[in-house]
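Reader: Could you take me on a close look at one part of this model? I'd like the metal site and the helix packing around it, with the cut-offs spelled out.

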Amino acid sequence: MLRKLGIGIMAAAAIVTLSSAPGATAAPAPAPERVAATTLYYDDSRAGEFKGAVAAGAEQWNSTVENVTLVRAPAGTRAEIRIIADDGWPRATLGPVRPGGSATVWFGRQAVYQGYDPTRIAAHELGHSLGLPDRKPGPCSSLMSGSTGGVNCTNATPNATEQAQVEANYGFAASRIPMDGRIVVDAP
Ligand SMILES: [Zn+2]
């Protein structure tokens, strides 16, 4: 009984810590404490009809984490993340990709044909670019649960755990993990 209560208190403390993390609501803005933040560029020149979804998916990350920012690359400039529309299942290079590095998101139409939400797909695949693996099966509240969140799931916002992991991936040098580089395929 005491043990159970103790775990409950610890869990509550963890939730408070995560939900009060800086950047949960603030829009990206230059500030001294953000000097070390990472900017990653994405190239949507081959994203076809999904450019809007990609921008919306990137904004989901930009509005919830502050250690990394996703910026659409100006035409003809180098980008760390290439977005390519194709007819397969969505898939992506597992990051975390670093400045000067290279990762690809294939925005597979197969998932869109099946009815999955394009913005959720974009945010999920960019989550792979930022170093998050799949968390399947999982609920709709989890971005990285992907298709297992259900075909009607439109949640494109990373949950507190997913935000915290990306913050860690791009935060302090000691917590940085190397880019994985494997291709993650999001077929159901
Ligand atoms: Zn995935």
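Author: Happy to! His124 counts as buried because its relative accessibility is 3%, where buried means under 20% relative accessible area, exposed over 50% and partly exposed in between (1.4 Å probe, protein chains only). Asp134, at 22%, therefore counts as partly exposed. This is a predicted model, so local features need pLDDT of at least 70 and side-chain atom pairs count only at pLDDT 80 or more, while totals for chains, interfaces and linings use all residues. Residues are numbered from 1 along each chain as its sequence is written, and side-chain values use heavy atoms, with hydrogens and water left out.

Both residues serve the zinc ion: its protein donors are His124 (NE2), His128 (NE2), Asp134 (OD), Asp186 (OD) and Asp186 (OD), at 2.0 to 2.4 Å. Donors here are N, O and S atoms within 2.8 Å of the metal (3.2 Å for Na, K and Ca), and sites may look incomplete as water is not among the atoms. Along the sequence, the donor residues follow the spacing H-x3-H-x5-D-x51-D. His124 sits in helix α4 and Asp134 in the loop between α4 and α5, ten residues apart.

Now for a neighbour of α4. The axes of α2 and α4 (lines fitted to C-alpha atoms, for helices over the stretch in contact, with angles from 0 to 180 degrees between N-to-C directions) come within 8 Å and cross at roughly 55°. Contact, meaning heavy atoms within 4.5 Å, involves Ala53, Gly57 and Trp61 among others of α2, and residues including Pro118, Ala122 and Leu126 of α4.

How values were computed: Helix = DSSP H or I, 4+ residues; strand = E, 2+ residues; numbered from the N terminus.
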